[in-house]
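Notebook open, model loaded. I'm jotting down what I look up as I go.

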Amino acid sequence: MDVMPQQPPEPPHSDHSDPDHLDRPPPASPPSEPYDVPPEAPPTPDCEPPFGLDPESSAEPPPASLHTTLRRAAFGMVAAAVLVTGAVVAVPDDGRKAAPPSVPGGVSRALAATNSGSPASLSDLKAMIGDRQSWVGAHPSDARSWAVLGTAYVEWGQRSADAAYYGRAEQALRRSLGAQPGDRGNTAALVGLAALANARHDFVTAKKWGETVRARQPKDWTAYPVLIDAYDGLGDYTAAGKAAEKFTALRSGVPALSRTAQMYRNQGRREDALATAQNAADRATAPAEKADCLHRLGELAWERGESEKAVAQYSAALRTDPAHHPSLAGRARALASLGRTDEAQRDYRAALSRLPRPEYMLELGELYESLGRDDDSLGQYTQLRKSLARADGYGVDDALLLGRFEADHGNAAAAVKLLKTEWQRRHHSAEVADALGWALHRSGDSASALQYAQQAADTGGGTALYAYHLGVIEQDLREYGPARRHLEEALRTNAQFSPLAAPAARKALDALSPPSATDPRDVQPTPGPDSVAAGPGRSTHAPAGAASPAPGGD
């Protein structure tokens, strides 16, 4: 029998997002309760499942071999482990150390990664999923294995950019809670639900699940990685920092160092972030873990405008783990900033063929646009819309990315509506603040935009894009002194931070005269070229009037 859940996920705002609903066992019969199996079959994924299993098959699994039986028996002794994106999460030991698996292989390696809090390789994750699928088919009351399977589906969905697996994850995690409710010790399923909510960008729900686990078992280290992600998504960087410190106290090692590096980066402490990330990379041993660390070093180098170093770090990550596809996209971004656009396009296409994330589609589309290849850019933007629509059908909230896209390449008023809704959902991260401020400016309301852009620049870790957006908004409000400072900051941080926005930043800066020695508000911009005109399918990152003289200037 095939045990891969075949039901579609619930809508993103259904009662299933409420911890009070999911922490109860399912009814014995199928009336209309939250645990009911919906009658409809889910949309078929664009690609075959990666595990060699037919999701439509109802045949019983073949008899297990002796090797498989031994492996399952060993795994069953320690199957408290649960994989979680970014920091793989394990069920707490409760003071007892689990026996190591007696049979080596992909499942054992995945388990070892889990128990250390590190990411498993894609091939080992695949083995883990296949093994647990077969196991729960024969042992449907094994709550731990359902939790392992459900959270592994979350991991696979994120690392394959296939949101269809989130519905399967939700079904498996419900089965786990049905076999053993969370208030009876099944924190593994609750942590899995927090990871699922984070993957769907429902950070309020993720916070609820994580805090539920923390309240019940404060020393359960598995709660803290999902809490860090939830707090970051909500823009509560103080709480994220405290959670990172607690995680480090409970589970020191490479995963904790990586989380600490991200905390420092969010606080704008770039040197501390770099030193900590380098320490993590030096200590990492497993290829998947080391590649993650090298990728983080590449991201930090890129944000500082050190494109050559970024290329080197991304390339090192790919040599360590050729399946680390985010490093392909990162290297493409850095190559584009160096003018090596042919190589950048090659890497973007390779990344998208393996990991079709919509943010990569947007980046490649903007690269095409900067090269005057409007038809190709429109093709990428069309694919982006389709990808976001498909993910929305599986309960993923991608309003942030869609709002960013609409602000620059579509309908700015629609972007404002999307992003205001995000803000009302308490998603107050620097990313959302920046995107909302920019969308308001693009829709003609720079006065309202300023507070959001200022918040993003203050809390966003010194990102060039945030400084650019703030500078342009200030320029539109005739705050010429601050505008000049922030535009200079953007280009000083990373002179090639975007193939479209960086040239617009230089044009906007050229339109400003040197800062006044008295009141910056009195500074008049010198006449300059008109802002970039927007043609069909082409964005204009420089706002209308950004290069125009102030009233009264000749």
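I call a residue buried under 20% relative accessible area, exposed over 50% and partly exposed in between, with a 1.4 Å probe and protein chains only. On that footing, 55% of the 554 residues of the chain count as buried.

Ground rules before I go on. This is a predicted model, where local features need pLDDT of at least 70 and side-chain atom pairs count only at pLDDT 80 or more, while totals for chains, interfaces and linings use all residues. Residues are numbered from 1 along each chain as its sequence is written, and side-chain values use heavy atoms, with hydrogens and water left out.

**Entry: overall make-up**

I took helices (H or I, at least four residues) and strands (E, at least two) as DSSP runs, numbered from the N terminus. The chain has 25 helices and two strands. For area I used the Shrake-Rupley method with a 1.4 Å probe, where for residues only the protein chains shown count as cover. The chain exposes about 23,000 Å², and carbon and sulfur atoms supply 51% of that. Next came contacts, meaning heavy atoms within 4.5 Å. Among those between residues at least 6 apart in sequence, 61% join residues at least 24 apart.

**Entry: helix 16**

I checked the length of helix 16 (residues 341-354). The expected span is 1.5 Å times one less than the number of residues. Its 14 residues should therefore span 20 Å, and the end C-alpha atoms are indeed 20 Å apart. Which residues of helix 16 are buried? I get Ala344, Gln345, Asp347, Tyr348, Ala350, Ala351 and Leu352. A reminder to myself: an α-helix has 3.6 residues a turn, so residues three or four places apart point the same way. The buried residues of helix 16 pack against helix 15 (325-337), helix 17 (358-370) and helix 18 (374-393).

**Entry: two glycines**

Gly192 is in helix 7 (residues 187-199) and is buried, at 0% relative accessible area. Setting aside neighbours within four places in sequence, I find Gly192 in contact with Thr151, Val154 and Leu173. I also took a C-alpha to C-alpha distance from Gly192 to Ala172: 9.9 Å in space, for 20 residues in sequence.

Gly167 sits in helix 6 (residues 164-179) and counts as buried too, at 0% relative accessibility. Its C-alpha is 6.6 Å from that of Tyr394, although the two are 227 residues apart along the chain.

**Entry: aromatic rings**

My rule: rings of Phe, Tyr and Trp (its six-membered ring) pair if their centres lie within 6.5 Å, and planes under 30 degrees apart count as stacked, over 60 as edge-to-face and the rest as tilted. That gives six aromatic pairs. Trp423 and Tyr452 have ring centres 5.2 Å apart and planes at 85°, so I logged the pair as edge-to-face. Trp423 is in helix 20 (residues 412-424) and Tyr452 in helix 22 (residues 446-459), so the pair ties together parts 29 residues apart in sequence. Both Trp423 and Tyr452 are buried.

Tyr468 and Phe497 went down as tilted, because their ring centres are 5.7 Å apart and their planes at 50°. Tyr468 and Phe497 are both buried. Ring pairs also link Trp438, Tyr468 and Phe497 into a cluster.

I looked for charges over rings as well, requiring NZ of Lys or CZ of Arg within 6 Å of the ring centre and within 35 degrees of the ring normal. Arg168 lies over the face of Tyr165, 4.5 Å from the ring centre.

**Entry: salt bridges**

Here I wanted a side-chain nitrogen of Lys or Arg within 4 Å of a carboxyl oxygen of Asp or Glu. The count is 25 salt bridges. Arg425 and Asp202 meet in one of them, at 3.5 Å, N to O. Arg425 lies in the loop between helix 20 and helix 21 (430-442) and Asp202 in the loop between helix 7 and helix 8 (203-216), so the pair ties together parts 223 residues apart in sequence. Asp202 counts as buried, at 12% relative accessibility. Asp202, Asp397, Glu422 and Arg425 are linked in a network of salt bridges.

Glu303 forms a salt bridge with Arg270, with the closest N and O atoms 3.1 Å apart. Glu303 is in helix 13 (residues 287-303) and Arg270 in helix 12 (residues 270-283), so this pair ties together parts 33 residues apart in sequence. Glu303 and Arg270 are both buried.

Last one: Arg304 and Glu306 form a salt bridge, with closest N and O atoms 2.6 Å apart. Glu306 counts as partly exposed, at 27% relative accessibility.
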